[in-house]
Amino acid sequence: MGDGRWRTAGSALMRVIAVWAVSTLTMLALAGILPDFQLQSDDGDTVTKTAFTAAWGAGAFGLLSALVWPVLVRALLIVPALVLGMLVFFLNGSLLLIALRLIPDGRGAADPETAVVVAAVMSAVASATSTALAVRDDNAYRRRLARLAVRRRRRSGTGEDADGPPGTVFIQLDGVGHDVLVQAAAEGLMPTVAHWLADGAGHRLTPWRTDWSSQTGASQLGILHGSNHDVPAFRWYEKETGDVMVSSRPASALELQRRAVVRSHDGGLLTLDGASRGNLFSGGADQLALVLSMAARRGKGRRSRAGYFAYFSDPANAVRTALSFVAEAGREVGQSTRARVRKETPRIKRGGLYPFIRAFATVVERDVVVAAVIGDMFAGRTAVYADLVAYDEVAHHSGPRSRDAKKVLARLDRSLALIVKVAEATPYTYRIVLLSDHGQSTGETFAGAYGLTLKDLVRAGSGLPVPRRAQRTRSGSEARDAVRIALHRPVTEGQKEPVAKPSDPVVLASGNLGLISFPDIRGRATLEQLDRRHPALLSTLANHPGIGFLLVSSESQGSLVLARGGTRTPVAELRDGHGPLAPFGPGAAAAVRRTDTFPHVADVMVNSMYDPETGTVHAFEEQIGSHGGLGGEQSRPFLLWPREMTDPLDAAAGEGQERAAELVGAEAVHRVLRRWLRDVSGPQVPVGREGPGTGARG
């Protein structure tokens with residue numbers, strides 16, 4: 001035992017010395033290359049003296065990085081993530097300047113700009129050297145992981161050992177549809193996934209069908225908390241409070257999570273020793289990183305940015321991610337420029353802050369989440385659920401099957417390969433499940449195709465003023481003419497637009513799903529009320545070529561689906577493959593009926609057109625790859641699981657229930673994942689209606 005400890009200590013000391021030596025050589029090389037970086041006095045020094053100066057500077061920089069950097073990062077957790085990423089270079093350069101000042105006789109000097117470059121290169125080289133040396137000693141590396149896992153377990157107060165039940169890691173590839181995944185694997189873009197899909201391999205793949213609201217807010221809430229009831233879209237208007245709920249807003253996410261816990265009487269999928277990484281909702285986990293719903297709360301361990309500390313406390317991680325961040329932003333500028341030069345269609349504007357938003361999603365969020373998952377596996381967590389949003393962000397702006405999106409899929413596969421390797425190295429057994437929350441459908445935006453937005457069309461159909469650009473479009477002109485005809489007014493050129501007395505309608509977009517609400521009408525507005533107030537509105541919308549169907553409520557006929565040609569179909573009579581929902585495929589009727597029961601369903605729900613031949617939809621927001629409504633691949637995500645786990649259709653049915661032919665809805669996916677966890681860990685304890693809590697164990 002004693003000899004082993006001495007050998008371990010000796011090996012660690014040798015690695016430190018080796019990293020120090022490589023850092024010293026790197027500093028000497030940079031001093032010879034960069035004119036504004038010197039390690040000698042003005043009169044010159046001997047080679048030995050210069051080498052001693054470099055060794056001193058490299059040692060001081062390494063020591064400061066180890067001791068001061070974690071403190072700086074923790075102090076900067078209040079800084080927004082994008083700003084923190086840009087500060088990495090400045091902070092690292094500042095530490096190098098301090099290290100140079102600590103060199104005796106003042107022989108080290110550098111301009112601030114040069115110090116940033118030197119610090120970045122030295123951190124990257126030191127990180128690569130340290131990693132290479134650790135990986136070479138495979139046995140030592142495994143022993144280190146085992147000790148780390150046991151130490152973390154002891155600190156957390158749980159005494160499980162590596163011989164316990166297997167853990168489960170759920171990786172959500174945000175926005176990756178079933179068919180996109182299969183194609184990427186077949187084309188060699190995702191070799192890790194291709195290996196899982198190969199005949200005789202250890203995984204099986206199945207598609208599942210989303211609810212009408214095919215977006216992360218509804219899907220992930222259902223998957224993690226077992227209920228997405230009353231989530232009609234990504235954003236919607238609530239008349240009783242006058243608030244617009246937005247799934248990506250921390251306060252809204254927290255409220256949605258609270259409602260789901262109250263309805264399901266369950267803390268969430270991850271209440272038993274779980275970790276939630278990069279998600280909108282906590283799933284009841286105690287271990288959180290980049291969880292949006294927790295960003296609205298205060299207190300120790302509840303800050304969404306707390307997950308940054310573990311990653312950025314290593315300056316090498318910070319520098320590597322910051323360099324990748326800049327490279328990704330530059331890549332986006334180059335790709336968007338190429339798209340403009342080639343006049344690719346469909347195409348949307350990708351300027352402003354978007355290159356930095358994309359870089360955050362594809363680099364910073366990915367790196368932090370993957371590092372957190374690896375840490376969870378080292379610690380032997382029972383259940384981990386992580387969301388990687390890179391593909392979804394790029395596909396929105398470049399297209400689901402674009403060259404840009406395919407490159408992101410390839411990089412995501414490398415992250416999956418790393419997680420698989422770590423699973424093999426940890427002393428714990430892990431099952432890796434891959435899934436998505438929705439897919440994406442492609443097509444030119446509604447505004448790009450018709451020259452006006454859904455809001456413009458609603459205002460024109462309501463007799464309200466619209467921008468001149470919308471007035472000049474064919475759709476805008478037809479809508480205004482319809483208003484005048486409905487009001488028995490002559491259609492004349494240049495007539496002044498009437499100003500409506502009632503409050504303006506609230507028009508919101510969630511991909512190719514639109515929601516129209518009238519704040520001054522108490523409760524859900526009816527078709528009769530809308531026809532009295534805006535006699536041309538519903539016909540204008542229903543007959544527009546860019547709109548597939550509307551959902552409205554009628555005082556005399558109940559809820560109706562309106563479509564082109566004056567079609568009015570009672571919701572109770574909707575059938576898949578028939579009537580106005582025929583193009584939208586299986587499950588559309590049930591999805592519409594379910595949403596119609598929600599307390600916060602909009603006065604008018606608008607789904608864009610869908611062409612089954614081309615898979616085209618029209619998003620009501622600036623997205624050429626969209627999701628949120630019905631139509632095409634957006635409603636067809638996937639579930640990829642190890643073969644030894646219970647079949648999803650059996651798991652979703654539950655005891656004594658009939659086995660369904662397919663997996664439908666995010667709540668069904670929750671039942672599947674819950675069953676898989678219960679099969680190895682036993683039942684989880686639900687929380688009562690009294691004080692449901694949103695992050696504590698039940």
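**Strand pairing, helix packing and aromatic contacts in the predicted model**

Arg-235 stands opposite Val-246 in strand 6. This pairing is described, like everything that follows, from a predicted model. Strand 5 (residues 235-238) and strand 6 (residues 243-246) run antiparallel and are joined by four bridges. The hairpin that these two strands make has four residues between the strands, and within this hairpin Gly-242 takes a positive phi near 75°.

The chain as a whole comprises 698 residues, of which 53% count as buried, and its secondary structure comes to 24 helices and 21 strands. When contacts between residues at least 6 apart in sequence are considered, 71% of them join residues at least 24 apart.

An open sheet is formed by seven strands, which follow the order 4-21-10-3-9-7-8 with mixed pairing. The edges of this sheet are occupied by strand 4 (203-207) and strand 8 (287-289), each of which has a single partner strand, so that one side of each is left without a neighbour in the sheet. On average, and with direction ignored, neighbouring strands of the sheet are turned by 15° against each other. Within the sheet, strand 7 (residues 274-277) pairs with strand 9 in the parallel sense over four bridges, and in this pairing Gly-274 is placed opposite Ala-383 of strand 9.

Two helices that lie across strands of this sheet may be described together. Helix 7 lies across strand 3 (167-173), strand 4 and strand 21 (638-642), and runs at about 140° to strand 4. Helix 13 lies across strand 3, strand 7, strand 9 and strand 10 (430-435), and its direction makes an angle of about 170° with strand 9.

Helix 14 (residues 390-398) has nine of its nine residues buried, and is therefore largely enclosed by the rest of the structure. The buried residues include polar and charged side chains as well as nonpolar ones, among them Asp-392, Glu-393, His-396 and His-397 alongside Tyr-391 and Val-394. The elements against which the buried residues of helix 14 pack are helix 7 (178-186), helix 13 (354-379), strand 9 (383-388), helix 15 (403-425) and strand 20 (625-626). Just after helix 14, Gly-399 takes a positive phi of about 110°.

The contact of helix 14 with helix 15 can be described in further detail. The axes of the two helices come within 9 Å and cross at roughly 175°; because angles over 145 degrees count as roughly antiparallel, helix 14 and helix 15 are roughly antiparallel to each other. On the side of helix 14 the contact is made by Ala-390, Tyr-391, Val-394 and Ser-398, which meet Asp-404, Ala-405, Val-408, Leu-409 and Leu-412 in helix 15. Classed by residue type, this contact has seven nonpolar, one polar and one charged residues. In an α-helix there are 3.6 residues a turn, so residues three or four places apart point the same way.

Aromatic side chains form nine pairs in the structure. In one of these, the rings of Phe-325 and Phe-356 have their centres 6.3 Å apart and their planes at 25°, so the pair is stacked. This pair links distant parts of the chain, since Phe-325 belongs to helix 12 (residues 315-341) and Phe-356 to helix 13, with their positions 31 residues apart in sequence. Phe-325 counts as buried because its relative accessibility is 4%, whereas Phe-356, at 36%, counts as partly exposed. Elsewhere, Trp-212, Phe-549, Phe-584 and Tyr-610 form one aromatic cluster.

Contacts between residues remote in sequence are also found towards the N terminus. Leu-30 is found in helix 1 (residues 2-33) and is buried, with a relative accessible area of 11%. Apart from its neighbours within four places in sequence, Leu-30 is in contact with Phe-37, Val-118, Val-121 and Met-122. The C-alpha atoms of Leu-30 and Val-121 are separated by 8.9 Å, although the two residues are 91 residues apart along the chain. Thr-114, which lies in helix 5 (residues 112-136), counts as buried at 12% relative accessibility. Again leaving aside neighbours within four places in sequence, the contacts of Thr-114 are with Leu-34, Asp-36 and Phe-37, so that Phe-37 is in contact both with Thr-114 and with Leu-30.

Terms used: Residues are numbered from 1 along each chain as its sequence is written. This is a predicted model: local features need pLDDT of at least 70, side-chain atom pairs count only at pLDDT 80 or more; totals for chains, interfaces and linings use all residues. Side-chain values use heavy atoms; hydrogens and water are left out. Buried means under 20% relative accessible area, exposed over 50%, partly exposed in between (1.4 Å probe, protein chains only). Contact means heavy atoms within 4.5 Å. Two strands pair if DSSP finds at least two bridges between them. Rings of Phe, Tyr and Trp (its six-membered ring) pair if their centres lie within 6.5 Å; planes under 30 degrees apart count as stacked, over 60 as edge-to-face and the rest as tilted. Axes are lines fitted to C-alpha atoms, for helices over the stretch in contact, and angles run from 0 to 180 degrees between N-to-C directions. Angles under 35 degrees count as roughly parallel, over 145 as roughly antiparallel, 65 to 115 as roughly perpendicular and the rest as oblique.
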